[in-house]
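Good morning, and thank you for coming. I would ask you to look at the sequence and the structure on the screen before we discuss them together.

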Amino acid sequence: MNKPATIDFATATAIQIPAATAPVQALHDLVPGEARDSLLTVHDLLRRELPKGQLAIYEAGGGSCSVLPPELLGRSKVTVVDIDEDQVRNNGYADEAILGDVQTYRFAQQTFDLVICYNVIEHLPHVDAALLNFRDALKRGGMILIGAPNPRSLSGVVTKYSPHWFHVWFYRHIRGIKDAGLPGEPPFPTFFHPLVTLPRLEAFAAANGLEMIYLREVESPRYPEMRRRKPLFAALVDAGAALLNTMLSHGTDVRRGDYHVILRKS
């Protein structure tokens, strides 16, 4: 993930670090549910819309696993930029891993066929700068895949207004991730810039030459995870979410805590 660090990467020169060799973990090990289904649909769309032959892919804030299917990775040159040295060191699939800030690091124009920004923009204080850098680096007709939490969902509101120690507790004791909060490990501090909100993201994209060709809001994968690991706790959360839904406008589901978006450069 791209997240705050003690080094001023706005002025520092990016350091290129060779990526390690490690097996690729597709789909971020998502449990069965809406988020996984949507990502599989995204895979099908990318297979149809991306050029045939070798691809140039920029992963902004790339961690230790990729959301792309192996057959796309197999014909791609992947460049990762991340502000966290541990994440860069642990990356096992990039051809080039760069220590730098996606908000300020700039590539030559029309370099990439696809930019991936998955679970990253919620951590950025300057989402607009990052998105414009992504757009400029894309070839004409190239695409940006964004996966992010919905700030207006139940999980989004809890994440935004709860302290970071609570996020670490949740990851360790509810999700069962023992290394949560250690250097290079999620959860990372969250900003929720206004552009993370879907209507503002769509308006910004349209104003800057980016067409939204895919959008799906999905139930946060945290819900099926909780139902499997902590069924009693999950039942309480589901009951609270259902109560909130009855108080909101028809069709609202506060459990839809994530979204997938694909933007295409005109």
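In the loop between strand E7, residues 210-218, and helix H8, you will find Ser220. Please bear in mind throughout that this is a predicted model.

Is Ser220 buried or exposed? Its relative accessibility is 2%, and buried means under 20%, so Ser220 counts as buried. What does the side chain of Ser220 contact? It makes a polar contact, at 3.5 Å, with the side chain of Asp258. Leaving aside residues up to four places away in sequence, Ser220 touches Ser155, Arg255, Gly257 and Asp258.

Let me now step back to the chain as a whole. The protein chain has 9 helices and 8 strands. Of its 266 residues, 49% are buried. Among contacts with a separation of 6 or more, 74% join residues 24 or more positions apart.

We may turn next to the nonpolar cores. In soluble globular proteins, nonpolar side chains tend to be buried together. Here the largest nonpolar core has 33 residues, and those with the most contacts inside it are Ile121, Phe134, Ile146 and Tyr259. Two or more residues each are given to this core by strand E2 (55-60), strand E5 (112-118), helix H4 (127-137), strand E6 (138-149), helix H7, strand E7 and strand E8 (258-265). Which element supplies the largest share? That is H4, with 5 residues.

Within this core, Ile121 deserves a moment. Not counting residues up to four places away in sequence, Ile121 touches Val127, Ile146, Ala148, Val196 and Tyr259. There is also a second, separate core of 25 residues, which includes Leu39, Leu45, Leu72 and Leu145.

Helix H4 merits a closer look. Its buried residues are Val127, Ala130, Leu131, Asn133, Phe134, Asp136 and Ala137. An α-helix has 3.6 residues a turn, so residues three or four places apart point the same way. What do the buried residues of H4 pack against? Their partners are strands E2, E5, E6 and E8, together with helix H7.

Helix H7 covers residues 198-207 and contains Ala206. With a relative accessibility of 59%, against a threshold of over 50%, Ala206 counts as exposed. Between Ala206 and Leu263 there are 9.3 Å in space, C-alpha to C-alpha, although the two are 57 residues apart in sequence.

I now come to a group of helices, beginning with H6, residues 164-174. The buried residues of H6 are His167, Val168, Phe170, Tyr171 and Ile174. They pack against helix H5 (154-161), helix H8 (222-229) and helix H9 (231-247). After H6 comes Gly176, which has a positive phi, near 80 degrees.

Two packed helices are described by the angle between their axes and the distance between the axes. For H6 and H8, the angle is about 45 degrees and the axes are 11 Å apart. Angles from 35 to 65 degrees fall outside the parallel and perpendicular ranges, so H6 is oblique to H8. In this contact, Phe170, His173 and Ile174 of H6 meet Arg222, Met226 and Arg229 of H8. By type, the residues of the contact are 3 nonpolar, 1 polar and 2 charged.

How do H8 and H9 pack, in angle and in distance between axes? Their angle is about 140 degrees, and their axes are 6 Å apart. Since only an angle over 145 degrees would count as roughly antiparallel, H8 is oblique to H9. From H8, the residues Tyr223, Met226, Arg227, Arg228 and Arg229 meet Pro231, Phe233, Ala234, Val237 and Asp238 of H9. The residues of this contact divide into 6 nonpolar, no polar and 4 charged. Met226 and Arg229 of H8 thus appear in the contact with H6 and also in the contact with H9.

My final stop is Gly62, in the loop between E2 and helix H2, residues 70-73. Gly62 has a relative accessible area of 0% and is therefore buried. Its contacts, again without residues up to four places away in sequence, are Val80, Val81, Asp82, Gln87, Asn91 and Tyr93. The C-alpha atom of Gly62 is separated by 9.9 Å from that of Ile98, 36 residues apart along the chain.

To close, I would recall two points. The largest nonpolar core takes its largest share from H4, and the buried residues of H6 pack against H5, H8 and H9. Thank you for your attention.

Definitions and conventions: Residues are numbered from 1 along each chain as its sequence is written. This is a predicted model: local features need pLDDT of at least 70, side-chain atom pairs count only at pLDDT 80 or more; totals for chains, interfaces and linings use all residues. Side-chain values use heavy atoms; hydrogens and water are left out. Buried means under 20% relative accessible area, exposed over 50%, partly exposed in between (1.4 Å probe, protein chains only). Helices (H or I, at least four residues) and strands (E, at least two) are DSSP runs, numbered from the N terminus. Contact means heavy atoms within 4.5 Å. A polar contact is a pair of N or O atoms within 3.5 Å; within protein, one must be able to donate a hydrogen and the other to accept it, and residues adjacent in sequence count only if both atoms are side-chain atoms. A nonpolar core is a set of buried Ala, Val, Leu, Ile, Met, Phe, Trp, Tyr and Cys residues joined through side-chain atoms within 4.5 Å. Axes are lines fitted to C-alpha atoms, for helices over the stretch in contact, and angles run from 0 to 180 degrees between N-to-C directions. Angles under 35 degrees count as roughly parallel, over 145 as roughly antiparallel, 65 to 115 as roughly perpendicular and the rest as oblique. Ala, Val, Leu, Ile, Met, Phe, Trp, Tyr, Cys and Pro count as nonpolar, Asp, Glu, Lys and Arg as charged, and the others, Gly among them, as polar.
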